[in-house]
Amino acid sequence: MRSPDVASSAIQVAEGSAIRAEEGAAAVDVRGVEHVYGRGAGAVTALGPVSLTVPEGSFLVLVGASGCGKSTLLRLIAGFERPTSGSVRTGGVEPVPGKGAGIVFQEPRLFPWKTVGGNVELALRYVGVPRHERLRRVPELLERVGLHDVADRRIWQISGGQQQRVAIARALAGDNPLLLLDEPFAALDALTRERLQEDLRQVSAETGRTSVFVTHSVDEAVFLGSRVVVLTQRPGRVALDIDVGLPRTGLEPDELRALPEYATLRAEIGHAVRAA
Ligand code: ADP
Ligand code: MG
């Protein structure tokens, strides 16, 4: 017999995307947020105070040195942690872990014995997409991340870059308005990393999904971001908040990187990261 807990979580799964954003609300609204880990003498203030508003459709990149609180901020936005003080809203409501946002971590965290398609299908099932629709959406999502030809391979039969593509497809599967990415390309070789950056930029332009992307690479920040926020050393605060203003579509990656504005932004953001 199913316990009430199991039954109610099954309902939650069936309802999937039932957490609806309030109309006109910012995709992410972080107000006066501080986060402290632990208590008493061992307490570590990891973050803040930080205030940030992310309008719908932006691609925000958070940059900062290791340990400055980037992952903490992302976990607060995902609802995995509650802020010690201040408030976090996504789409106008308090974030619920595993609901309102698709998340990509540094490691892909896939089911290795399942196929590429099977992993994406599971994500769709989790958010309550019925079987006939899953059959249609799995190939669509794999196409979007350039994996349509490896749908039937097992996870252990594909490269690290491809695995991270599966993780991105899975994060897109929930149809959440928000995508949170925590150094998703940090473990990849330089060439693979560049390819994935290029494809993610394209996916973001195509889907218009609001994204918050964490990195410590200045180049990655300028290439991907429509806006870049530099955090100070721990406790992380906003040191620089800059609109990138480079075209989001129509340019080849090399053309984009060759723009004089690209170099200027790189220098400015690089300077802020070092000064922070
Ligand atoms: P970043 O992602 O920028 O490297 P984190 O957000 O992971 O930084 O961590 C910020 C600070 O908080 C670091 O000093 C880290 O050691 C500390 N920290 C992170 N998670 C915990 C935790 N669960 N318990 C105690 N301290 C933590
Ligand atoms: Mg981190």
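The following paragraphs describe the sheet, the hairpin, the nonpolar core and the ligand shell of a predicted model.

The strands S5, S6, S7, S3, S8 and S9, in that order, make up an open sheet of six strands with mixed pairing. The edges are formed by strand S5 (101–104) and strand S9 (238–243), each of which pairs on one side only. On average, neighbouring strands of this sheet are turned by 15° against each other, direction ignored. At the S5 edge, S5 and strand S6 (residues 178–182) run parallel and are joined by four bridges. Within this pair, Ala-101 is placed opposite Leu-178 of S6. Helix H5 lies across both S5 and S6, and its direction is at about 170° to that of S5.

Strand S1 (residues 28–37) pairs with S2 in the antiparallel sense, and seven bridges connect the two. His-35 stands opposite Leu-47, a residue of S2. Six residues lie between the strands of this S1 and S2 hairpin, where Gly-38 takes a positive phi near 75°. In general, strands of a sheet pair through backbone hydrogen bonds, either parallel or antiparallel.

The largest nonpolar core comprises 67 residues, of which Ala-169, Leu-180 and Ile-269 touch the most other members. Helix H5 (residues 160–173) makes the greatest contribution to this core, giving seven residues. Apart from neighbours within four places in sequence, Ala-169 has contacts with Val-120, Leu-141, Leu-142, Arg-144, Val-145 and Leu-147.

The shell around ligand 1 consists of 13 residues, and the closest are Tyr-37, Ala-46, Lys-70, Ser-71 and Thr-72. Two elements, strand S2 (44–54) and helix H2 (70–78), each supply two or more residues to this shell. The greatest contribution comes from H2, with three residues. Classified by residue type, the shell contains seven polar, four nonpolar and two charged residues. Strand S2 thus appears in two settings: S2 contributes to the surroundings of ligand 1, and S2 is also the antiparallel partner of S1. Helix H5 likewise appears twice, as the element that gives the most to the largest nonpolar core and as the helix that lies across S5 and S6.

How values were computed:
Residues are numbered from 1 along each chain as its sequence is written. Chains are lettered from A and ligands numbered from 1 in the order in which they are written. This is a predicted model: local features need pLDDT of at least 70, side-chain atom pairs count only at pLDDT 80 or more; totals for chains, interfaces and linings use all residues. A nonpolar core is a set of buried Ala, Val, Leu, Ile, Met, Phe, Trp, Tyr and Cys residues joined through C-beta atoms within 7 Å. A residue is buried if 20 or more other C-beta atoms lie within 10 Å of its own, exposed if 12 or fewer, and partly exposed in between; C-beta atoms are placed from the backbone. Two residues are in contact if their C-beta atoms, placed from the backbone, lie within 7 Å. A residue is near a molecule or strand if its C-beta atom, placed from the backbone, lies within 6 Å of it. Ala, Val, Leu, Ile, Met, Phe, Trp, Tyr, Cys and Pro count as nonpolar, Asp, Glu, Lys and Arg as charged, and the others, Gly among them, as polar. Two strands pair if DSSP finds at least two bridges between them. Axes are lines fitted to C-alpha atoms, for helices over the stretch in contact, and angles run from 0 to 180 degrees between N-to-C directions.
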